[in-house]
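Trainee: Could we go through this structure together? I would like to learn how each label is earned.

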Amino acid sequence: MVCTELLSELIPDLPEEIVLECLFRFHYSTHRIAARVCRRWQELLQSREFYYHRKQTGYTQKAACLVQLLKSDSDPDGSKPVGPPRYGITVFDPVSGIWDRVDPVPKYPDGLPLFCQIISSEGKLVVMGGWDPTSYDPVRDVFVYEFTTQRWRQGKQMPETRSFFAAGELDGRVIVAGGHDENKNALSTAWEYDVSNDEWTELTRMSQQRDECQGMVIGSEFWAVSGYRTDNQGGFEGSAELMDLRTGQWRRVDEAWKARQCPRSCVGVGKEKKLFCWADCDSAIRVGVCAVPLGEWTFVSGSAYQGGPQGFFLVDDQSGKFKSIDVPVEFSGFVQSGCCVDI
């Protein structure tokens with residue numbers, strides 16, 4: 001329940017349970033304005049207790065947050081994009097069908113770090129790592145976006161330089177594992193980032209190196225799917241490792257994934273936790289597929305062939321039926337990765 005210290009004088013002479021029922025029903029897009037009413041409203045709207053109560057009572061909204069290629073300037077004849085690729089964060093609301101874009105990270109106003117990871121945590125967005133979009137040097141930056149204020153804050157840097165790592169979140173804890181360092185050496189190390197306290201804690205290592213592995217949380221388990229060792233570049237493993245987040249112990253699962261197949265952004269979870277590749281599900285998304293689970297639906301994007309136009313779909317998780325999504329031109333770029341945010 002919401003802490004009683006946050007409830008005093010929300011609206012004078014109105015019972016607190018009525019005030020809360022009103023505030024719980026606010027759409028997340030109104031929170032920034034509502035937080036300006038008074039300090040009490042701001043403290044309440046930004047509290048973990050308020051967020052979890054909204055989530056438990058069904059008042060949060062699931063949205064797909066996507067790292068998406070931005071439309072760029074072209075040559076005079078309009079045939080080729082000019083300059084390096086630029087990525088931003090797109091938000092798609094599957095209920096309203098509305099597309100929107102999050103303001104740029106202040107440190108990178110012209111585009112996100114290339115190949116950065118995006119993870120959701122308690123209604124917030126966390127962006128980690130990647131390559132500087134100008135120098136292509138790996139970065140250890142961490143940024144947290146608060147939808148209530150629609151502002152970014154910079155978090156404590158990642159303890160190690162790593163690229164193409166697995167990431168997932170549970171109860172405010174972001175887990176990162178694997179990837180490779182600045183010398184392209186594959187990693188087996190893992191760390192936990194506490195978003196609220198802005199602190200990093202080292203975890204037990206995985207049993208082997210896993211570069212370009214895919215991270216996901218299933219129940220109370222963090223999975224690092226596939227990846228490859230330094231001495232076997234591009235040789236994607238068929239195994240996975242999962243950590244029980246209650247005990248912190250890793251367990252290896254053999255034949256969890258199709259060997260030699262890259263798992264980045266395309267792993268789906270079927271019955272009995274059986275993993276599958278979304279690229280194998282429909283000919284329209286054979287190339288560059290990205291999938292984001294949204295409860296009863298999954299957002300999926302991809303192309304039928306290399307260099308082809310992007311297709312955007314909502315897939316019914318029960319029937320497996322693909323429903324095409326109408327997308328404004330400015331949001332029709334390639335989707336590198338994404339996550340579901342309960343806002």
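Mentor: Happily! Keep in mind that this is a predicted model. Let's begin with C281, which has a relative accessibility of 38% and counts as partly exposed.

Trainee: Why is C281 called partly exposed?

Mentor: Buried means under 20% and exposed means over 50%. The 38% of C281 lies in between, so this cysteine is partly exposed.

Trainee: And what about C22: why is it called partly exposed?

Mentor: The reasoning runs along the same path. C22 has 41% relative accessibility, which is also between the two limits, so it is partly exposed.

Trainee: How do you know that C22 is in no disulfide?

Mentor: A disulfide needs two cysteine sulfur atoms within 2.5 Å. For C22 the nearest cysteine sulfur belongs to C38 and is 14 Å away, so the definition is not met. For C281 the nearest one, that of C277, is 7.4 Å away, and C281 is in no disulfide either. The structure holds zero disulfides.

Trainee: What makes S226 buried, and R260 exposed?

Mentor: S226 has 0% relative accessibility, which is under 20%, so it counts as buried. R260 has 72%, which is over 50%, so R260 counts as exposed.

Trainee: What is notable about phi in S226 and R260?

Mentor: Most residues other than glycine have a negative phi. S226 is not a glycine, yet its phi is positive, about 60°. R260 is likewise a residue other than glycine, and its phi is near 75°. S226 lies in the loop between β13 and β14, while R260 lies in the loop between β15 (249–253) and β16 (267–269).

Trainee: Why is strand β13 described as mostly covered?

Mentor: In β13 (residues 221–225), five of five residues are buried. E221, W223 and V225 point one way, F222 and A224 point the other way, and all of them are buried. In a regular strand the side chains alternate between the two faces of the sheet.

Trainee: How do you know that β13 pairs with β12 and β14?

Mentor: Two strands pair if there are at least two bridges between them. Five bridges join β12 (residues 214–218) to β13, and five join β13 to β14 (residues 240–244), so both pairs meet the definition. Both pairings are antiparallel. As for single positions, G215 stands opposite A224, W223 has L242 as its bridge partner in β14, and F222 has M243.

Trainee: Which strands make up that sheet, and what makes a strand an edge strand?

Mentor: The open sheet has four strands in the order β12-β13-β14-β15, with antiparallel pairing. β12 and β15 each pair on one side only, and they are the edge strands. The twist averages 25° from one strand to the next. In the hairpin of β12 and β13, two residues sit between the strands, and G219 has a positive phi near 65°.

Trainee: Where are the edges in the sheet β8-β9-β10-β11?

Mentor: This is an open sheet of four strands with antiparallel pairing. β8 (166–170) and β11 (199–202) each have a single partner strand, so one side of each is left without a neighbour in the sheet. Neighbouring strands here are turned by 20° on average, direction ignored. β8 and β9 (residues 173–177) share five bridges, and G168 has I175 as its bridge partner in β9.

Trainee: Why do you call H180 buried, and what makes its link to D211 a polar contact?

Mentor: H180 has a relative accessible area of 6%, which is under 20%, so it is buried. The side chains of H180 and D211 are joined at 2.9 Å, which is within the 3.5 Å limit, so this counts as a polar contact. H180 is found in the loop between β9 and β10 (190–194).

Trainee: Which residues have the most contacts inside the largest nonpolar core?

Mentor: That core has 24 residues, and those with the most contacts inside it are C65, I89, L125, F147 and W152. The elements giving two or more residues to this core include β1 (62–69) and β22 (335–342). Another core of 20 residues lies apart from it, with C266, I285, F313 and V315 among its members.

Methods:
Residues numbered from 1 in each chain as written. Predicted model: local features only at pLDDT ≥ 70, side-chain atom pairs only at ≥ 80, totals over all residues. Heavy atoms only, no water. Core = buried A, V, L, I, M, F, W, Y, C linked by side-chain atoms within 4.5 Å. Buried < 20%, exposed > 50% of the residue type's maximum accessible area, 1.4 Å probe, protein only. Axes fitted to C-alpha atoms, helices over the stretch in contact; angles between N-to-C directions. Polar contact = N/O pair within 3.5 Å; in protein donor to acceptor, adjacent residues only side chain to side chain.
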